[in-house]
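Subject: Handing over the model, with notes

Dear colleague,

I am passing on the structure that we spoke about, and the notes below go through it one part at a time. Please keep it open beside you while you read.

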Amino acid sequence: MSTIAHTKRSPLPQALENELERTFGDRFTTAEAMRRQHGEGESFHANEPPDAVVFPDSTAEVSAAVRACHRHAIPMIGFGAGTSLEGHVAARQGGVTIATSGLARLIELNPEDMDCRVEAGMTRKALDQHLKGTGLFFPIDPGADASLGGMAATGASGTTTVRYGTMRENVLGLTVVLPDGTVIRTGGRARKSSAGYDLTRLFLGSEGTIGIITEVLLRLHGIPEAIASAVCSFPTLAAAVDAVIYTIQSGVPVARVELLDDVQMDAVNRYSDFDYPVRPTLFFEFHGSAAGVEEQSTEVGLIAKELGGTDFEWATRAEDRSRLWAARHEAYYASLALRPGARGWATDVCVPISSLADCLLKTREDIDAEGLLAPIVAHAGDGNFHVLFIIDPEDEEEMARAKRVNARMIEQAISVGGTCTGEHGVGYGKVPYMRAQHGEAVDAMRSIKEALDPKGLMNPGKVVA
């Protein structure tokens with residue numbers, strides 16, 4: 001996919017291997033299987049394994065590994081749960097992958113202040129277990145059971161963004177190991193501060209290119225008194241999008257509103273044993289008091305009805321809601337099942353909500369005109385939509401068609417004030433579009449990268465390559 005040239009690899013210095021082996025013992029490996037496991041995420045991007053992998057179990061050990069690599073001028077790649085989609089963890093220049101899976105502890109939980117500090121390798125589902133019985137939850141839900149450090153590194157979001165925001169709104173502070181091994185803490189538990197630069201936001205979304213996140217201080221939220229989910233089908237894609245736009249413009253505080261086009265609904269029905277109409281469909285979730293949820297759902301139901309939507313199919317019991325949202329989260333695997341043996345190329349853009357209908361419809365028409373199999377799913381409440389190309393990466397002609405659709409979709413998104421990626425991140429897959437979106441600001445980003453990482457060792461070839 002990327003036009004970025006690979007830098008020729010050099011073998012690891014024996015002195016570095018010896019040092020890492022002394023420090024980490026059997027938590028240092030050069031085994032091919034382990035290196036390949038850490039050479040790719042969950043996309044079709046080629047596996048590019050590192051030369052070695054280390055498994056620290058503390059911030060101090062991450063610092064030790066980074067200092068060793070820095071002394072020998074060897075590239076370093078941070079690795080969380082491996083759920084990234086744009087080639088973030090590919091070792092494009094070889095080097096050492098620093099896996100944070102061993103950093104998975106809850107450091108502190110402060111229910112009164114509604115915050116907690118976790119190590120970067122803890123996954124969001126593991127945090128859910130720690131929060132049981134507290135009346136609190138962490139709302140950011142990207143679908144995959146990603147690590148919280150990885151979610152911070154990519155500025156992740158997901159189905160609940162429309163109500164609760166992204167990682168940028170829910171991370172209060174970070175512990176970061178800089179490229180020379182220095183450990184810093186950013187932010188804090190106070191809900192506001194005017195003391196100095198906002199370094200927390202600098203590292204959020206930096207994708208391990210200027211430091212490796214080892215701890216995350218998170219904002220928590222109270223579990224709503226009432227939660228209800230609903231499904232509603234529409235005669236056209238345009239009608240479904242309009243229902244979302246009118247809902248948001250009406251100020252209804254909907255917690256989730258997901259749009260699945262007819263291709264995706266067909267896949268979901270087959271894979272998850274549902275029998276929804278094979279039409280553009282909205283999945284809603286409402287949070288609040290019992291009266292508030294009833295008021296929200298009534299208002300949205302009236303909007304949907306005016307646009308030809310069906311009556312709501314409700315899921316109020318926890319197990320029914322879980323099944324419903326599991327089906328939504330399994331959309332990727334459901335789509336792959338439409339064409340056994342194919343690979344999935346998931347890409348995303350985000351646009352102002354007023355431009356969502358036009359961009360979505362043009363993209364759907366473009367996909368169909370190119371003869372591609374590609375369901376569309378949207379976090380419609382915030383203007384973020386995903387296309388999942390179901391392709392054979394070895395078929396050059398098919399790949400060329402998919403690349404054309406992807407490029408036109410991104411160009412259109414940028415032209416209306418949107419972004420080349422709403423939540424997948426840049427990695428190296430979206431690097432070619434950074435200049436079109438940010439212009440000379442890319443040079444400012446590169447200056448920050450060079451100031452903090454003058455040797456260019458942290459996840460080279462990504463974001464500002």
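Before the sheets are described, one convention is needed: two strands are taken to pair if DSSP finds at least two bridges between them. Please also bear in mind that this is a predicted model.

With that rule, seven strands form an open sheet, arranged in the order 15-12-14-13-17-18-16 with antiparallel pairing. The edges of this sheet are held by strand 15 (313-315) and strand 16 (343-350), and because each has a single partner strand, one side of each is left without a neighbour in the sheet. Direction ignored, neighbouring strands here are turned by 20° against each other on average. At the strand 15 end, strand 12 (residues 226-233) pairs with strand 15 in the antiparallel sense over three bridges, and within that pairing valine 231 stands opposite glutamate 313. Helix 14 (residues 356-369) lies across strand 13 (256-260), strand 17 (376-379) and strand 18 (384-391), and runs at about 10° to strand 18.

Just ahead of strand 12, in the loop that connects strand 11 (221-222) to it, is glutamate 225. With a relative accessible area of 64%, glutamate 225 is exposed, yet, leaving aside neighbours within four places in sequence, it is in contact with Gly288, Ser289 and Ala290. The C-alpha atoms of glutamate 225 and glycine 288 are separated by 5.8 Å, although the two residues are 63 places apart along the chain.

A further open sheet has four strands in the order 1-2-4-3, and its pairing is mixed. Strand 1 (28-29) and strand 3 (76-79) are at the edges with a single partner strand each, so one side of each is left without a neighbour in the sheet. Helix 3 (residues 59-71) packs on this sheet, where it touches strand 2 (52-54), strand 3 and strand 4, and its direction makes about 170° with that of strand 4.

Strand 4 can be followed residue by residue. Strand 4 (residues 96-99) pairs with strand 3 in the parallel sense over four bridges, and three bridges join strand 4 to strand 2, again with the two strands running parallel. On the strand 3 side, glycine 78 stands opposite isoleucine 98 and isoleucine 77 stands opposite threonine 97, while valine 54 of strand 2 has isoleucine 98 as its bridge partner. In a regular strand the side chains alternate between the two faces of the sheet. In strand 4, Val96 and Ile98 point one way and Thr97 and Ala99 the other way, and all of them are buried.

Turning to the interior, the largest nonpolar core has 51 residues, and those with the most contacts inside it are Leu259, Leu282, Phe284, Phe385 and Phe389. Helix 15 (residues 396-415) gives the most to this core, with eight residues. Not counting residues up to four places away in sequence, phenylalanine 389 touches, among others, Arg343, Trp345, Leu372, Ala402 and Val405. A second, separate core has 27 residues, including Leu131, Leu148, Ala156 and Leu174.

How many aromatic pairs are there? The count comes to eleven. One of interest for the chain's path is formed by phenylalanine 137 and tyrosine 164, which meet edge-to-face at 5.5 Å centre to centre, with 90° between the planes. Since phenylalanine 137 lies in strand 7 (residues 136-137) and tyrosine 164 in helix 6 (residues 161-164), the pair ties together parts that are 27 residues apart in sequence. Both phenylalanine 137 and tyrosine 164 are buried. Elsewhere, Phe274, Tyr276, Phe283 and Trp325 form one aromatic cluster, and arginine 256 lies over the face of tryptophan 325, at 4.4 Å from the ring centre. In another such arrangement, the charged end of arginine 92 sits over the ring of tyrosine 428, 3.6 Å from its centre.

Finally, a note on aspartate 115, which lies in strand 6 (residues 115-119). Is aspartate 115 buried or exposed? Aspartate 115 counts as buried because its relative accessibility is 0%, the cut-off being under 20%. Its contacts, not counting residues up to four places away in sequence, include Asn110, Arg189, Arg191 and Leu218.

With best regards

How values were computed. Residues numbered from 1 in each chain as written. Predicted model: local features only at pLDDT ≥ 70, side-chain atom pairs only at ≥ 80, totals over all residues. Heavy atoms only, no water. Contact = heavy atoms within 4.5 Å. Axes fitted to C-alpha atoms, helices over the stretch in contact; angles between N-to-C directions. Buried < 20%, exposed > 50% of the residue type's maximum accessible area, 1.4 Å probe, protein only. Core = buried A, V, L, I, M, F, W, Y, C linked by side-chain atoms within 4.5 Å. Phe/Tyr/Trp six-rings, centres within 6.5 Å; stacked < 30°, edge-to-face > 60°. Lys NZ or Arg CZ within 6 Å of the ring centre and 35° of its normal.
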